[in-house]
Amino acid sequence: MKSENEKLKDIFTNNLGKGVEIPQFESMWRRAAELKRAKRIMIWKIAASIVLIATIASLLTLKPAQVRHNGGMQISSWSEPTRFLVADHENNQMTDLVHWTSPTGSLLKENNLK
Amino acid sequence: MYAETEWKNNLQELHQESYLWSLTCCHFDEDLAKDVLQIVYLKIYEGKAIFSNKSSLKTWLFSVIRFTSIDAMRKIRKQTLQLNNHHQWIAETEQFAESPDKQLFTKILQTLSGQQREVLTLAFYHDLTLEEIAALMKLSIGSVRTHYSRGKDNFKKLLSVYKMNNDLI
């Protein structure tokens, strides 16, 4: 005579998964490997995209900022005839630009040479 | 630590049981059960689910399957909530139309609460002890005993209601 638990065990063993198609283990394991590879590639692609976007963004933002800092003009590339007024740093003979009243003085307002 | 081939062999041995356990956790939705098991294998392959020898491999694997299925079903429930009433009505109608064809045993199991169903399946199909079930489900042994005895009572009642006891055995 079977105990109640043994009867229940029989019911479960005979009926659970009845008519259910069990997927193949090999194909699922292979798919896991493929998914892992695909995921890794995707992560690398995302990382590369972020680096690329950051590089482009920094190039685009730094260049105008540098130009703005120099009053819209690079002092090194200034080729006006009055350029000689600010040239001589080394011998402390630089012209005092604060009192400079040349018509082109406005170009030097923000160039930090005071 | 398990080597990959060792993992593969052990998982292969448990594959059928794992799938049926996944099916139980996913309320007998076969597509969802396959997806859940696939996610579990991916977690193991990627090293995201790590076996630490605290329990048997089977208990650990079943625990991963259970929690993965909970996550999957939570996502599905969220998506379902986003549907409008009309779509929900269609889904319910389809479910109702489908139910008469389902197996009696599956129908009885689905009538039980989730935890009763899981405890009974683990005990009577997967041969786990109540202690192992408690560890797997992260429940106290007392709760598991309650689910076990109430589940058994409900299951027997439902069997007698359907008067199909002999058919099932």
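**Chain B and its interface with chain A**

Chain B has 9 helices and 0 strands (DSSP runs: H or I of at least four residues for helices, E of at least two for strands, numbered from the N terminus). The model is predicted: local features need pLDDT of at least 70, side-chain atom pairs count only at pLDDT 80 or more, and totals for chains, interfaces and linings use all residues. Residues are numbered from 1 along each chain as its sequence is written, chains are lettered from A and ligands numbered from 1 in the order in which they are written, and side-chain values use heavy atoms, with hydrogens and water left out.

**Chain B**

- From the N terminus on, the elements of chain B run α-α-α-α-α-α-α-α-α.
- Of the 169 residues in chain B, 43% are buried (under 20% relative accessible area with a 1.4 Å probe, protein chains only).
- Contacts (heavy atoms within 4.5 Å) in chain B between residues at least 6 apart in sequence join residues at least 24 apart in 66% of cases.

**Interface of chain B and chain A**

- Chain B gives 37 residues to the contact and chain A gives 28 residues.
- About 3,300 Å² is buried between the two chains (accessible area, 1.4 Å probe, that two parts lose on being put together, summed over both), and carbon and sulfur atoms give 71% of this area.
- Gln38(B), Tyr45(B) and Phe124(B) supply 20% of the area that chain B buries against chain A, more than any other three residues.

**Polar links and contributing elements**

- The interface of chain B and chain A holds 5 salt bridges (a side-chain nitrogen of Lys or Arg within 4 Å of a carboxyl oxygen of Asp or Glu).
- One salt bridge joins the side chains of Glu4(A) and Lys156(B), at 2.6 Å from N to O.
- Elements that give two or more residues to the side of chain B that touches chain A include α1 (4–25), α2 (30–46) and α8 (141–162) of chain B.
- The largest share of that side, 10 residues, comes from α1(B).
- By class, that side has 20 nonpolar residues (Ala, Val, Leu, Ile, Met, Phe, Trp, Tyr, Cys and Pro), 9 charged (Asp, Glu, Lys and Arg) and 8 polar (the others, Gly among them).

**Aromatic rings**

- Over all chains there are 13 aromatic pairs (rings of Phe, Tyr and Trp, the last by its six-membered ring, with centres within 6.5 Å).
- Phe51(B) and Trp60(B) form a tilted pair, 5.5 Å centre to centre with 55 degrees between the planes (under 30 degrees counts as stacked, over 60 as edge-to-face, the rest as tilted).
- Phe51(B) and Trp60(B) are both buried.
- One aromatic cluster is formed by Phe12(A), Phe105(B), Phe124(B), Tyr148(B) and Phe155(B).

Definitions and conventions
Buried < 20%, exposed > 50% of the residue type's maximum accessible area, 1.4 Å probe, protein only.
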